[in-house]
Amino acid sequence: MTELVSTTPGLYPLPDWAKQELSDLKGHQKHDLISGNEGADIVSAYDRAREEVVSEQTDAGLDRVVEAQLRWDDMLAHPLTVHENVETGGIVRYYDNNNFYRDPQVRGELTFSGDVAAELDATADLLGDESLQAVLPGPYSLSDLATDEHYGDEADFLGAVSEFLAGEVDAFPDHETLFLLEPSLVFSPPGEDVDERVAEAISAVSDATDADVVVHTYWGALDEKVYAHLMDADVEAIGFDFVAGDRDQTLYNINEYGTKDDIALGLVDGQNTLVEDPDTVRERVEWTLDNVQSQTFDTAYVTSNTELFYLPENRATEKLAALAAATEDELEVEA
Amino acid sequence: MSRDAENREQFRPEGHENEHFLLTTVVGSYPKPKWLNRANDLAEDPDSKFTQEHLHEAHDDACRVITREHERSGLDTVVDGEMRREEMVEYFAHRIPGYEFNGPVKVWGHNYFDKPSVVGEVEYDEPWLVDEFEFTSDVASKPVKVPITGPYTLASWSFNEHYDSEADLAYALADLVNEEIEKLVEAGATYIQIDEPALATTPDDHAIVGECLERIVAGISDEVRIGLHVCYGDYSRIYPELNDYPIDEFDVELCNGGYEQIDVFTDPEFEPDLALGVLDVHTTEVETVEEIKENIKQGLKVVPPEKLTVSPDCGVKLLPREVAYQKTENMVKAAREVEAELDAGEIDLDAPVPQAD
């Protein structure tokens, strides 16, 4: 039997009231974005927004609750753009979306920050029995989104970013699961030499926690070679995009090279307002697992393929309910 | 194939002082008078006595002011500065059955956009722009250009819940744009500009935009000038394919990049007329007439003077209003001076811009 665990990759839209309130408090320009040492009014607004979004997840009945990363103005680049040894440059496009973030230019050593740990501490305080899921960019994506002005060498930089992330994870409160988001592995895959270092970098982050670690990929299928290397990473599950991706290529990768004992399935569209019916989600889970001939799973995480901030607030909330409802019962998988 | 671009002569002002004629125009948006922003806020405030009718009147007033401001700067063709539009997709989506709005989504930082969802077949209901075109035409003594957000951008910057693909949605929207242009032409419009900024981010879709344009111009007289504006992208990804677009004029933003990309258009031969951006809309520094003249000459590397239109890189709405005005006025002066130099044979058309060593 495969246990179905409903979750999300985090990065939720701000509640509409918070969009307005924070836009009034912070402003609209590049230098108005989050710095990591924001004033009391701004902290208070984010605290209220976090409480609301955490309640939405527990009310919906999701099996894992995320902090929702509402402060991450720069999306996955956030852990660097608030770092003291990083300067923010121009506004650059976020993958091929109509979204933009500040280019993090790393000018000095990536020392311990604790910014994300503080968010998770605040979230843990809001939870009772619910299971906390931490979310971070994976080391490859974070290094891919940044500009290195300090380490000089691509491999050294990737290593430094993974050590930095490991240090951050070490300071996290207890968490059940850690999602490492790695869209860059699909969008701008590592070249020769770097591809084999990616697994090492991910393992370095993963080794910093006792929680189950999921490396989640999206916006397409992984290149076969990138996937083969990724399988060397010391993680509990790899996540796949079955919405936007080339499903045949993804299934080929999984069946050809096998995958981890657990799996994450991106089956709800994080970039379209059409809300999936729970039965549809359930059918997609069954279809996908039926098409993995090579193995059965202890746990399948059922999630949206991407972050949720692309959606208006109402639709993002409805998608949470669909995910939770689709995973209420355990799945009988015929061997 | 490009359309027959002979229709530019109709925009030559009566008594034009030079033999040569470089058509001067703008892309569309213009800074709003501050009082209009205040009026917009009041109209949204449920406690205010300011009604939608009052807002309509405020829009009319703003359109009058900005249309006349355009005329005063000397432009050959004018627009109303898009005073009635807050955002280029929302404005049209509100007028097209099949769309619904669910709330704002993030673009960057705390900048949001009310990204609409297509939840059913898109249809043509009431005209979108005919009333405002008629209003502006009544105010203006110069020909009025009408900017319309293109179907590819309307499709790309929406959530598609209904159509099998984004291309199918874009084609359905293109048919509606065609219907709207027919109505505008009936009302007297002679100059239409299709804005497709989304093409710059996904240039591999140039064939979809081409098919959209075929639908847009179907049955539209050659007398009507059709322009296409695409900004902030890598033009080499859509050139020379755009030579096959059924348009009279292709409007580019190149000033912002210091004309680094101008050579993209020199080989093979550029087929439509070129509407060249000669003002950087992202700097408040006002270009001098001399600087703008040099920018205009960059265009002569691509097309002869009779195929060159002069305009800012993009809409100027983010500039302070007095800066926008001064830039536009300098642009027109520069165009007139280049015309005079062309008349006098002072510009070498084989090498209009001094070559760097």
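Begin with chain B of this predicted model, coloured by confidence: the chain averages a pLDDT of 95, and 98% of its residues score at least 70. For the complex as a whole, the predictor gives an ipTM of 0.93 and a pTM of 0.90.

**The interface**

Display both chains and select the residues where they meet. Here 26 residues of chain A are in contact with 17 residues of chain B. On the chain A side, the elements that contribute two or more residues are α1 (16–26), β4 (100–106) and α12 (313–326) of chain A. Select α1(A) before the others, as this helix supplies the largest share of that side, 5 residues. Colouring the chain A side by residue class gives 11 nonpolar, 7 polar and 8 charged residues.

**Strand β6 of chain B**

Next, select residues 145–149 of chain B, which form strand β6. Is this strand enclosed or open to the outside? Because 5 of its 5 residues are buried, β6(B) is largely enclosed by the rest of the structure. In a regular strand, side chains alternate between the two faces of the sheet. With side chains shown, B:K145, B:P147 and B:T149 point one way from β6(B), while B:V146 and B:I148 point the other way. The buried set thus named includes a lysine, B:K145.

Extend the selection to strand β8 (residues 191–195) of chain B. The two strands, β6(B) and β8(B), run parallel and are joined by 5 bridges. Centre the view on B:I148 to find B:I194 of β8(B) standing opposite.

**B:I216 in helix α8**

Keep B:I194 in view and add B:I216, with which B:I194 is in contact. B:I216 lies in helix α8 (residues 206–217) of chain B. Why does B:I216 count as buried? A residue needs 20 or more other C-beta atoms within 10 Å to be called buried, and B:I216 counts as buried because it has 26 C-beta neighbours inside that distance. Beyond its neighbours within four places in sequence, the contacts of B:I216 also include B:A174, B:V177, B:N178 and B:I181. For a distance to display, choose the C-alpha atoms of B:I216 and B:E182: they are separated by 9.5 Å, with the two residues 34 apart along the chain.

**The β3–β4 hairpin of chain B**

Finally, select strands β3 (residues 105–108) and β4 (residues 111–113) of chain B, which run antiparallel and are joined by 3 bridges. At the β3(B) end of one bridge is B:W108, whose partner in β4(B) is B:N111. The hairpin has 2 residues between its strands. Stop at B:G109, which takes a positive phi near 50 degrees.

Key: Residues are numbered from 1 along each chain as its sequence is written. Chains are lettered from A and ligands numbered from 1 in the order in which they are written. This is a predicted model: local features need pLDDT of at least 70, side-chain atom pairs count only at pLDDT 80 or more; totals for chains, interfaces and linings use all residues. Two residues are in contact if their C-beta atoms, placed from the backbone, lie within 7 Å. Helices (H or I, at least four residues) and strands (E, at least two) are DSSP runs, numbered from the N terminus. Ala, Val, Leu, Ile, Met, Phe, Trp, Tyr, Cys and Pro count as nonpolar, Asp, Glu, Lys and Arg as charged, and the others, Gly among them, as polar. A residue is buried if 20 or more other C-beta atoms lie within 10 Å of its own, exposed if 12 or fewer, and partly exposed in between; C-beta atoms are placed from the backbone. Two strands pair if DSSP finds at least two bridges between them. pLDDT is the predictor's confidence in each residue, from 0 to 100.
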